[in-house]
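The exercises below are meant to be worked with the sequence and the coordinates side by side. Each task is followed by a solution that proceeds step by step.

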Amino acid sequence: MTGFTESALVKRLMDLNPSQQSIQTLSLWLIHHRKHHPTIVKVWFREMCKVKDNRKLMFMYLANDVIQNSKKKGPEFGKEFETVLPKAFEHMKGFDEKTRERLNRLLQIWEERGVYDKVQIAEFKAAFLDTVKEPGTPPPKKKTKVEVEKKEKKERKKSETEVEVDGTKELHVTLSPRTPAGDPPETEELIKALMDLENTASSDAGVRERIASLPPEVSEVSLLANLADRSAADQLSIAVNEAAALLADYNGRLQAEMEDRRRLLTMLRDYTLAQRQLLQQAQTTLEI
């Protein structure tokens with residue numbers, strides 16, 4: 001994936017279109033660079049306020065996709081967006097009824113899925129709705145937990161579509177599309193992991209030479225019969241202990257190297273998958 005810069009983010013936001021594919025692609029990129037979440041949210045809000053009215057709802061859908069899909073990786077985006085969403089909703093206060101209905105639907109989804117608590121949802125609603133409760137108006141009937149779960153399951157099933165990515169069939173949900181199981185590493189992290197494997201235990205010629213030059217008495221039990229006296233036995237005991245410490249340390253380093261290689265393999269797999277997905281999405285966009 002390309003590196004993160006504020007100018008790169010602004011360009012991607014300007015190139016964003018209302019299609020679910022465009023929103024998912026940018027959402028994936030933002031979540032990948034989630035360590036820059038303060039800058040991302042700041043730029044998102046700034047640019048959302050600047051774009052034409054007919055593009056603002058699209059920015060809200062992007063925020064929704066990022067907030068919901070980043071939950072399993074960490075709370076950073078949810079908490080960061082929470083600081084600007086009241087102002088964002090207030091900014092859209094004078095919009096047409098259709099847009100306000102869509103925003104209200106978005107808040108219903110957040111409330112049903114527990115994206116934000118009821119107090120926060122109420123604050124968001126108050127920011128763009130001019131509704132004032134009339135005296136004596138009964139409160140809306142509260143849905144039971146079973147009803148909420150049933151409705152959410154039904155909506156999820158309706159919005160699920162099966163797509164093929166790199167030969168593998170996956171389900172994508174319109175309101176909350178799934179991202180790759182692995183978290184693709186930054187390019188710099190991948191390069192560092194590759195460089196770290198240049199000085200591994202298996203390539204330590206010095207230690208291997210020390211192990212090869214250990215006296216045969218250390219490992220051959222049959223040679224114990226050749227010990228001449230107690231002094232020779234003590235010397236052999238010291239040599240055995242040193243050899244055992246050397247081997248234990250080397251085995252530990254080899255084990256750590258194996259873990260590093262497994263981790264690198266996972267990083268390469270996730271990085272490659274993310275690159276292929278972005279390439280496929282870019283090619284599809286160009287074909288449209």
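**Exercise 1.** In which helix is Glu-257 found, and is Glu-257 buried or exposed?

*Solution.* The model is a predicted one, and the steps below should be read with that in mind. Begin with the secondary structure, where Glu-257 is found in helix α12, which covers residues 230–287. Next take the relative accessible area of Glu-257, which is 6%. The cut-off for a buried residue is under 20%, and Glu-257 is therefore classed as buried. Finally, look for its partners: leaving aside residues up to four places away in sequence, Glu-257 touches Leu-197, Thr-200, Ala-201 and Ser-202.

**Exercise 2.** Determine how Leu-247 is classed by accessibility, and state how far apart Leu-247 and Arg-208 are in sequence and in space.

*Solution.* Leu-247 is likewise found in helix α12. Its relative accessibility is 34%, and because partly exposed residues lie between the 20% and 50% limits, Leu-247 counts as partly exposed. For the second part, Leu-247 and Arg-208 are separated by 39 residues in sequence, while their C-alpha atoms are 9.8 Å apart in space.

**Exercise 3.** Describe the packing of helix α1 and helix α3, giving the angle and the distance between their axes, the handedness of the crossing and the residues that meet.

*Solution.* Two packed helices are described by the angle between their axes and the distance between the axes. Here α1 (residues 6–15) and α3 (residues 37–50) pack at an angle of about 45 degrees, and their axes are 10 Å apart. Angles under 35 degrees count as roughly parallel and those from 65 to 115 as roughly perpendicular, so α1 and α3 are oblique to each other. The crossing in which α1 passes α3 is right-handed. On the α1 side, the residues in contact are Glu-6, Leu-9, Val-10, Leu-13 and Met-14, and they meet Thr-39, Ile-40, Lys-42, Val-43, Trp-44, Arg-46 and Glu-47 of α3. Sorted by character, the residues of this contact comprise 7 nonpolar, 1 polar and 4 charged.

**Exercise 4.** How many helices and strands does the protein chain have, and what percentage of its residues is buried?

*Solution.* The protein chain has 12 helices and 2 strands, and their order along the sequence is α-α-α-α-α-α-α-α-α-β-β-α-α-α. Of the 288 residues in the chain, 35% are buried. Its accessible surface comes to about 17800 Å², with 55% of that area belonging to carbon and sulfur atoms. Among the contacts with a separation of 6 or more, 74% are between residues 24 or more positions apart.

Key
Residues are numbered from 1 along each chain as its sequence is written. This is a predicted model: local features need pLDDT of at least 70, side-chain atom pairs count only at pLDDT 80 or more; totals for chains, interfaces and linings use all residues. Side-chain values use heavy atoms; hydrogens and water are left out. Axes are lines fitted to C-alpha atoms, for helices over the stretch in contact, and angles run from 0 to 180 degrees between N-to-C directions. Helices (H or I, at least four residues) and strands (E, at least two) are DSSP runs, numbered from the N terminus. Angles under 35 degrees count as roughly parallel, over 145 as roughly antiparallel, 65 to 115 as roughly perpendicular and the rest as oblique. A crossing is left-handed if the near helix is turned anticlockwise from the far one by less than a right angle, and right-handed if clockwise. Contact means heavy atoms within 4.5 Å. Ala, Val, Leu, Ile, Met, Phe, Trp, Tyr, Cys and Pro count as nonpolar, Asp, Glu, Lys and Arg as charged, and the others, Gly among them, as polar. Buried means under 20% relative accessible area, exposed over 50%, partly exposed in between (1.4 Å probe, protein chains only). Accessible areas come from the Shrake-Rupley method with a 1.4 Å probe; for residues, only the protein chains shown count as cover.
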